[in-house]
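Visitor: I would like to learn how to read a model of this kind, beginning with the whole chain and then moving to single residues. Could you take me through it?

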Amino acid sequence: MKLFYSKKLIIIASLLIIVALLYKLAIPAPEVDYNTQVKPIINKKCISCHGGVKQEAGFSMLFQEEALGKTESGKPAILPGNPDESELIKRITHADPNERMPYKHEALSKDEINILRQWIKEGAKWGEHWAYIPVKKQDVPDYNNKWIKNDVDQFVYQKLEEEKLKPSNEADKATLLRRLSLDLIGMPASEQIASKYLKDNSDKAYENLVNDLLASSRYGERWTSLWLDLARFADTRGYEADRARNIWKYRDWLINAFNTDKPYNDFLIEQLAGDLMPDPDDAKYIATAFHRNTMTNDEGGTDNEEFRTAAVMDRVNTTWTAVMGTSFNCVQCHSHPYDPFKSDEYYKFLAFFNNSRDEDTQSEYPVLRQYNTADSIKFTQLIGWLKNNVSEGAAKKYQVFLKTWQPTINSLQCDQFVNGALISSWYAGLRNKGTCRLKNVVLENKNQLMFRYNSKIEAGKWFIYLDSLNGQLLKTIPLSNTNGEWKVVSTAFPNVKGKHNLYFKYYSPALKTADETGVQFEWFQFDQTFPGKGKPGYDIAYKDFNYLMQAKVDATPIMFENNKEQYRATHVFVRGNWMVKGKAVQADVPDIMNPLPPNVPRNRLGMALWLTDKKNPLVARTMVNRLWEQLFGYGLAETLEDLGTQGISPTHKELLDHLSWKFMNEYNWSIKRLLKDIVSSATYRQDSKVNEELIKKDPNNKFYARGSRIRLSAEQLRDQGLEVSNLLSEKMYGKSVMPFQPAGIWRSPYNGDVWKMSEKEDQFRRALYTYLKRTAPYPSMMTFDGGAREVCIPRRIRTNTPLQALTSLNDSTSHVIARNLAFRMQKIGGNEAGKQIQKGYEMMMYKPISPIRQKALVDLYTTALNKFKKDKRARQAIVGLKELEKGSNAETAAMVIVAGAMLNMDEWLNKN
């Protein structure tokens, strides 16, 4: 009987095995996925020798046509459908180390070889990387769980289920108030908003808080602070001299754009090409300062074209890094080593930027010239006169010219100097009988020369010759002594057909030495004379025009496009060397991306419209990812700067695409609506408490089973300290300020710039208004991971160093904040130290202090009090008051020590 049962069990087991095998054979194995399985192997093991940089044996695996094409042997290395005959498989499985690939590197594992073999067997199908596929509407999971509040939670909950994790409970009101305030406005909420929320026990309390914070004018400042990193905004120009730059109005434009919730597509278009939009106003011109934040080299003897080219390349790189999260700068010298971008595509894209007027000039031309109130009235009246008496076209032409001084020819274009030179690489300077050339000047239909010069010499004469110094003398122009001041002069000029080289010569009998410079030119303009002569009011109009040309103005660097006469051809730089020009290229976008929309111009405006086309796969994803990172500490794809194949894949790709699609289509590019959607989710509102299981499974909270806990940014740390201590200025907008900074930080070469500490409330403006000198940034900002902004900063990497503790404990600003917080605690806490500490904690954290914290701080107070009662000098030093002044006592000094400790609490330095 036992034998019978044993045989029966064997038969049943055999049948089950057979059934399982048949089932496995009946259900085909899933195809190998190129993006997730094949591409990582290629990037890790093959691409360094067979990709964009090198193509050993004529074989590249970067592009499909190259991978399947013929190699140097005359045969393809990959034969789709036939892995055994494919040279690729033969080489990676070869027994001889001298023949096996990767050469002189670790062999591929069996699993990697099997993946490549199966991939070729299935036809070696190529795949597009997820980030280069247009965003599509996603199917939202449909979980029925009371924790879920919106679509964001559906996607997050799905991942939690997959990872066998559970979400956390909602954080308490005080924690949510502080978290949301820091995230949306970058500082604690106003007392009015905080009190309203904490007293509101309705179901709408949290939503009302979100709305109040989004409506706060402080919202624009907070998000401008983020964008300034991307725009590489600074108050100086960089390089050795690092002279000052007047570009603060661009920051004001950003604040206003965020506060008014300017749609993100318009936000980008105006910054990239506001000057090319129909009838641009001052705001649109100022928006283009986004790409005038590039560094310029003011050192004498440098090549202006080299640094103009460097600025143009920086604009290309910044556009791709900041707006599309792509390391396009890798394509300057060769095809991208990992992503499907070819080298010539870099220069086709560069052609969009290569015809901007800026040329590394000292005055940072082109600039937007903004008049004072009285002169603005003159300007408006003059443009009205031209419109009524000449034409609409003339009015527009002179409106642009008076606002921008464009188009003009910068004197740094002069060359072939004899007894003259480019002074500081900026101005054409001529000594006695000195000469130079200005080449390729279009003189057709031009009867006037306008120029800007300065001279300290009497009786100067400027001779202009056609095509050579022996050519026709076109004009002799007397140059008066301007006492070193710049002056704009107009003079009649003979009408000459075509394009010519002009040769300049200078002479003055007043020059006594051969080395003395007689004249400096800044720019020239060849055009027709001021129109409308003979019309009523002409004399007044012409007088006003000349007055406005000389008027003192506030000038902001802007973008402005070359006209047809000044058009620059764009060439590929051979191996990335700007001095070695290859083939000429026209403006275009990479093949892997969406094509340019039909009928758009091939200039920056057309490029901006291409960027913001909903078919562009990167722009919406990049911004959604960046906003998510600001709220949760990490992006859905961690590498904000690189969404390409070498970047870290998104943890919640479908959620990223879902929010990106809604951002463009449902929210019409509204950043405020997108932020509200995210912060309204249960995912965002979770408690940040952590346990051992969560630390083990998800140490960086990538699956969002809890609220994120993140160290605050440099700006947030300063701003919240100033706010809680009642020091923060309410002023918005305007020039950068210089709060306290230790002496000796600035050692400015080539100029006498000094850090002059701002007065009164300007010492306590929000951090984004702090003056940023690229070669010597504000120290505490750098300590807490801020940057010099020499280039685009797509992501700040959080660090944890002893310097940070030293700064938050001992920096002079930190001490002033602690001192004023102590004064405030004493004022509202009565006479008892314990009560003062309680009130201070509640001001900071919006909730009562725990008994353990209370005891620790009271003990610290008692210890400090006993010390200061015995040490008058220490007491005076810590309080900052003389002995007989009110508040100069041991109790206040001890409370300053306690306030300093509270400002260094972990829960204060971090967002919980």
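Guide: We will go from the overall chain to one helix pair and then to two residues. Please keep in mind throughout that this is a predicted model.

Visitor: How many helices and strands does the chain have, and what does the C-alpha trace span along its principal axes?

Guide: A first reading takes stock of the secondary structure, and here the chain has 32 helices and 15 strands, while its C-alpha trace spans about 130 × 95 × 55 Å along the principal axes. The accessible surface comes to about 41,500 Å², and 52% of that area belongs to carbon and sulfur atoms.

Visitor: What share of the residues in the chain is buried?

Guide: Burial is judged by relative accessible area, with under 20% counting as buried; by that criterion, 55% of the 912 residues in this chain are buried. As for contacts along the sequence, among those with a separation of 6 or more, 71% are between residues 24 or more positions apart.

Visitor: At what angle do the axes of H21 and H22 cross, and which residues meet there?

Guide: A helix pair is read from its axes and then from its side chains. The axes of H21, residues 653-665, and H22, residues 671-679, come within 9 Å and cross at roughly 145 degrees, and the crossing is right-handed. From H21, Leu659, Lys662 and Phe663 meet Ile671, Leu674, Asp677 and Ile678 of H22; sorted by class, this contact has five nonpolar residues, two charged ones and no polar ones.

Visitor: Is Thr236 buried or exposed, and where is its place in the chain?

Guide: Thr236 lies in the loop between helix H10 (218-230) and helix H11 (248-259), and it counts as buried because its relative accessible area is 1%. Its side chain makes a polar contact of 2.7 Å with the side chain of Asp242. Beyond residues up to four places away in sequence, Thr236 touches Asp242, Arg243, Ala244 and Arg245, and also Tyr771, Leu772, Lys773 and Arg774.

Visitor: Why does Asp527 count as buried, and which residues is it in contact with?

Guide: Asp527 belongs to strand E10, residues 517-527, and it is classed as buried because its relative accessible area is 13%, under the 20% cut-off. Setting aside neighbours within four places in sequence, Asp527 is in contact with Lys397, Lys446, Asn447 and Gln448. For a distance across the model, take Asp527 and Gly127, which are 400 residues apart along the chain and have C-alpha atoms separated by 56 Å.

Conventions. Residues numbered from 1 in each chain as written. Predicted model: local features only at pLDDT ≥ 70, side-chain atom pairs only at ≥ 80, totals over all residues. Heavy atoms only, no water. Axes fitted to C-alpha atoms, helices over the stretch in contact; angles between N-to-C directions. Helix = DSSP H or I, 4+ residues; strand = E, 2+ residues; numbered from the N terminus. Left-handed = near helix turned anticlockwise from the far one by under 90°. Contact = heavy atoms within 4.5 Å. Nonpolar A, V, L, I, M, F, W, Y, C, P; charged D, E, K, R; others polar. Buried < 20%, exposed > 50% of the residue type's maximum accessible area, 1.4 Å probe, protein only. Areas by Shrake-Rupley, 256 points an atom, 1.4 Å probe, with all protein chains shown as cover. Polar contact = N/O pair within 3.5 Å; in protein donor to acceptor, adjacent residues only side chain to side chain.
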